[in-house]
Amino acid sequence: MNYRDLFSGIAFLIIGVTTVWMGKDFFADAAYVPIGVGTLMGAFSLPLIWRGMKSVLAARATTDAATGGHMTTHPAPALVDHPARFSVTLGCCLVYYTALPIVGFYTTSALFITLLAVLLGERRPAVVAGITLGFITLLYALFAVVLKRPLPVEFFLAS
């Protein structure tokens with residue numbers, strides 16, 4: 001029995017609904033991104049919830065059939081396989097969220113991706129640099145070029 005899909009789906013659904021709810025108060029053209037992302041996140045969470053429910057119900061039916069109707073308890077698998085990696089990722093995300101408006105988008109993102117990759121065990125500099133540059137380039141293209149939305153200004157460029 002695997003509760004991970006069920007809990008992940010419910011978490012993504014809550015985040016998606018919250019994003020849509022918060023995005024509805026943005027200006028008309030700025031509301032498209034949070035509403036769109038939240039809607040997609042909520043929509044994609046539904047199959048995950050469905051798969052989790054099927055897994056839980058199938059495991060429960062198998063247990064009932066094997067024990068003649070008597071429910072036996074089995075230890076549930078951990079929700080997080082690597083608690084240290086989860087904690088490092090969560091900590092880096094909180095620091096990123098806090099530093100982004102102060103330091104600026106490009107500097108904070110470059111530091112975040114590089115630091116997180118190294119802390120999670122990636123040791124190939126070319127891979128870390130490629131992922132960092134690719135991520136920043138894609139986000140720049142999306143927000144600055146396509147959506148024409150400003151990103152937080154770098155601290156050394158602020159007037």
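Of the 159 residues of this protein, 21% count as buried. The structure is a predicted model, and it contains 5 helices and 0 strands. Read from the start of the sequence to its end, the pattern is therefore written with helices alone, as α-α-α-α-α.

**Overall features**

- The accessible surface of the protein comes to about 11200 Å². Carbon and sulfur atoms account for 75% of that surface.
- Among contacts in the protein with a separation of 6 or more, 65% join residues that lie 24 or more positions apart.

**The largest nonpolar core**

- In soluble globular proteins, nonpolar side chains tend to be buried together.
- The largest nonpolar core here has 9 residues: Cys-92, Tyr-96, Leu-100, Phe-105, Phe-112, Ile-113, Leu-116, Leu-139 and Leu-151.
- Two elements each give two or more residues to this core, namely helix H3 (83-103) and helix H4 (105-119).
- H4 supplies the largest share of the core, with 4 residues.
- Leu-151, a member of this core, is in contact with Phe-105, Tyr-106 and Phe-143, when its neighbours within four places in sequence are left aside. Of these contact partners, Phe-105 is also listed in the core.

**Helix H5**

- Helix H5 covers residues 125-146 and has 22 residues.
- From its first C-alpha to its last, H5 reaches 30 Å, which is close to the 32 Å expected at 1.5 Å a residue.
- The buried residues of H5 are Val-128, Thr-132, Ile-136 and Leu-139, and these buried residues pack against H4.
- Leu-139 is thus named twice in this account, as a buried residue of H5 and as a part of the largest nonpolar core.
- After H5 comes Lys-148, whose phi is positive, near 55°.

**A nonpolar patch on the surface**

- Tyr-140, Leu-142, Val-145, Val-146 and Leu-147 make a nonpolar surface patch of about 430 Å².
- One of these patch residues, Val-145, is found in helix H5.
- Is Val-145 buried, partly exposed or exposed? Val-145 has a relative accessible area of 44%. Buried means under 20% and exposed means over 50%, so Val-145 counts as partly exposed.

Key
Residues are numbered from 1 along each chain as its sequence is written. This is a predicted model: local features need pLDDT of at least 70, side-chain atom pairs count only at pLDDT 80 or more; totals for chains, interfaces and linings use all residues. Side-chain values use heavy atoms; hydrogens and water are left out. A nonpolar core is a set of buried Ala, Val, Leu, Ile, Met, Phe, Trp, Tyr and Cys residues joined through side-chain atoms within 4.5 Å. Buried means under 20% relative accessible area, exposed over 50%, partly exposed in between (1.4 Å probe, protein chains only). Contact means heavy atoms within 4.5 Å. Accessible areas come from the Shrake-Rupley method with a 1.4 Å probe; for residues, only the protein chains shown count as cover. Patches are made of residues with over 30% relative accessible area and no salt bridge: like charges are joined within 9 Å, nonpolar side chains (Val, Leu, Ile, Met, Phe, Trp, Tyr) within 5 Å. A salt bridge is a side-chain nitrogen of Lys or Arg within 4 Å of a carboxyl oxygen of Asp or Glu. The expected span of a helix is 1.5 Å times one less than its number of residues.
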